[in-house]
Amino acid sequence: MMEHKNGKPEFWETAFSEKQEMWGFEPAASALLAKDFFVGKAVKKVLIPGIGYGRNAQVFRDNGMTVTGIEISQTAIDMAKKHYGTDLVIHHGSVTDMPFDHQQYDGIFCYALIHLLDEQERAKLIRDCYHQLADNGYMVFTMISKTAPTYGQGEFISKDRYEMFGGVRMFFYDETAIHAEFDAYGLFDITTVTENYPFYLIKCKKSPC
């Protein structure tokens, strides 16, 4: 029997195989906000860890940015190539195994991914993304808020982390947790945005040493 835990390839392979384009093709509200921000900062090279089948990638490409993705599901990568072209570079693997290249990016957009990781994996993802930022580059993360109605539901794993939806493990953020994890990485803005759940959208800037 496959172990259905987020972060496991089997979980996402099953999800994408069974549900295909499960989020449709419209970019998330957070992706549109990140796009506007990146356009204003003249960002040209964007990394998207957890790119899925690419629905949040095209809006950056439509605005003149080059996008590179990371995705754990080969099914999702195949779907992205089908819908958005074979020139979209996507590294096949888990974000917990970053980096996949030695490029420096002036923008990183990480949507609804970090809250699926455990504490050590979250810390590594933030550190790895920051290391791949060019000087004066920006990274934008979105994560689920503790104000979500699903907070406290399911099986308790650890503080603010629960297992639900048949094996999805989620860590729910508040501003204290955001500051604890991101302050060392140039955090300068925290806002809220409503997707299918209430999310935080946070921005960090990499200042030259």
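In what sense, parallel or antiparallel, do strand 1 and strand 4 pair, and over how many bridges? Hold that thought for a second, everyone, and thanks for coming. One reminder before the answer: what you have on screen is a predicted model.

So, the answer. Strand 1 and strand 4, which covers residues 105–110, run parallel to one another and are joined by two bridges. If you want to find the spot, look for L47, which sits opposite I108 of strand 4.

Now turn to the other neighbour of strand 1. That is strand 2, residues 66–71, and here the pairing is again in the parallel sense, over five bridges. V46 is a handy landmark there, since V67 of strand 2 stands opposite V46. As for how enclosed strand 1 is: of its five residues, 45–49, four are buried, so the rest of the structure largely encloses this strand.

Let's zoom out to the whole sheet. Seven strands make up an open sheet, and reading across, the order is 3-2-1-4-5-10-9, with mixed pairing. Strand 3 and strand 9, residues 187–194, are the edge strands, each pairing on one side only. From one strand to the next, the twist averages 15°.

Where does the antiparallel part come in? One place is the pairing of strand 9 with strand 10, residues 198–205, which is antiparallel over seven bridges. Within that pair, T192 has Y200 in strand 10 as its bridge partner. Helix 6, residues 175–182, packs on the sheet here, with contacts to strand 5 (133–144), strand 9 and strand 10. The direction of helix 6 makes about 140° with that of strand 9.

Over to the other edge, please. Helix 4 lies across strand 2 and strand 3, and it runs at about 170° to strand 3. Between helix 4 (74–84) and strand 3 (89–92) there is a loop, and that loop holds a residue I'd like to finish on, L88.

Is L88 buried or exposed? Its relative accessibility is 1%, and the cut-off for buried is under 20%, so L88 counts as buried. What does L88 touch, leaving aside residues up to four places away in sequence? The contacts are I51, R61, V67, A80 and K81. You'll recognise V67 from earlier, as the residue opposite V46. Take R61 as well: 27 residues separate R61 from L88 in sequence, while their C-alpha atoms are 9.5 Å apart in space.

That's my tour, and I'm happy to rotate the model for anyone who wants another look.

Methods
Residues numbered from 1 in each chain as written. Predicted model: local features only at pLDDT ≥ 70, side-chain atom pairs only at ≥ 80, totals over all residues. Heavy atoms only, no water. Buried < 20%, exposed > 50% of the residue type's maximum accessible area, 1.4 Å probe, protein only. Contact = heavy atoms within 4.5 Å. Pairing = 2+ DSSP bridges. Axes fitted to C-alpha atoms, helices over the stretch in contact; angles between N-to-C directions.
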